[in-house]
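Thank you all for coming. Please take a moment with the sequence and the model before I begin to walk through it.

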Amino acid sequence: MGIREERPRGSVRSPLAFLAFLGLAFGAAATGALFEPGEWYRELAKPPWTPPDAVFGPVWTLLYLTIAVAGWLLWRRRELPAARLALGLWGLQLVLNAAWSWIFFGLHRPGAALVEIGLLLGTVAATLAAAARVRPGVALLLAPYAAWVAFAAALNFAIWRLATAS
């Protein structure tokens, strides 16, 4: 008789959970996509270092994928109190992520969006820090997202300054 290998807790449900995390992450993306940049955004004064519009879709697609994987990996350690905290922060950052597009593109409020993206950046940083205590690789998955949100915050700030200067 061979030695039977134990499956980790939740491994049978793990593929379904992964699909759920993909659904949550790309659900946030879909919510943001409801508020397209449109003519208002094209008319805004923007700094010369603004990326071309074609860059945002591929970058965000990759980031939403890493956000989903990070959430799923945290969920797999959900029995740990630190993982539950990280998952709570993960959910909060996802809500804030979806809200930014509505505020910036939907309401055309770069100033309010700047405050909101500051909250988002702080929450992403807290999620990254909490995740590092659970599983350091998850923090590495979230690092590009944190960097991109920091860049987006700088871009949001520059657009807001240009709008208020005119």
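Helix 4 has 26 residues, which at 1.5 Å a residue should span 38 Å, and its end C-alpha atoms lie 37 Å apart, in agreement with that; the expected span here is 1.5 Å times one less than the number of residues. I should say early that this is a predicted model, in which local features need pLDDT of at least 70 and side-chain atom pairs count only at pLDDT 80 or more, while totals for chains, interfaces and linings use all residues. Residues are numbered from 1 along each chain as its sequence is written, and side-chain values use heavy atoms, with hydrogens and water left out.

Let me place that helix in the whole. The protein chain has six helices and zero strands, where helices (H or I, at least four residues) and strands (E, at least two) are DSSP runs numbered from the N terminus. Read from the N terminus on, the order of elements is α-α-α-α-α-α, and along its principal axes the C-alpha trace spans about 80 × 25 × 25 Å.

How confident is the predictor? The average pLDDT of the protein chain, on a scale of confidence in each residue from 0 to 100, is 91, and 92% of the residues score at least 70. Over residues 3-7, however, the pLDDT is below 50, and beyond near neighbours in sequence that stretch has one contact in the model, a contact being heavy atoms within 4.5 Å. Where pLDDT is low, the predicted coordinates should not be read in detail.

Back to helix 4, and to two of its residues. Ala 83, which sits in helix 4, is buried with a relative accessible area of 0%; buried means under 20%, exposed over 50%, and partly exposed in between, with a 1.4 Å probe and protein chains only. Leaving aside residues up to four places away in sequence, Ala 83 touches Leu 74, Arg 77, Arg 78 and Val 134, and from C-alpha to C-alpha it is 9.4 Å from Leu 73, ten residues away in sequence. Gly 91, also placed in helix 4, is partly exposed at 25%, and its C-alpha lies 9.3 Å from that of Thr 127, although 36 residues separate Gly 91 and Thr 127 in sequence.

Just after helix 4 comes His 108, which takes a positive phi of about 60°, in a residue other than glycine. His 108 belongs to the loop between helix 4 and helix 5 and is partly exposed, with a relative accessible area of 37%.

That loop leads us into helix 5, whose 25 residues should span 36 Å at 1.5 Å a residue, in agreement with the 35 Å between its end C-alpha atoms. Which helices do the buried residues of helix 5 pack against? They pack against helix 2, helix 3 (53-75), helix 4 (81-106) and helix 6 (136-165). Among those buried residues are Pro 110, Ile 117, Leu 120 and Val 134. Thr 123 is one of the buried residues of helix 5 too, with a relative accessible area of 10%, and, not counting residues up to four places away in sequence, Thr 123 touches Leu 89, Leu 92, Gln 93 and Leu 96.

Now to charged side chains. A search of the whole structure finds one salt bridge, defined as a side-chain nitrogen of Lys or Arg within 4 Å of a carboxyl oxygen of Asp or Glu. Arg 42 and Glu 39 form it, with their closest N and O atoms 3.5 Å apart. The two residues are three apart in helix 2 (residues 38-43), and are therefore separated by about one helical turn. An α-helix has 3.6 residues a turn, so residues three or four places apart point the same way. Arg 42 is exposed at 52%, whereas Glu 39 is partly exposed at 47%.

Finally, let me turn to the protein surface. About 9,300 Å² of the protein chain is exposed, and carbon and sulfur atoms supply 69% of that area, by the Shrake-Rupley method with a 1.4 Å probe, where for residues only the protein chains shown count as cover. By contrast with that exposed area, buried residues make up 39% of the 166 residues.

Methods:
pLDDT is the predictor's confidence in each residue, from 0 to 100.
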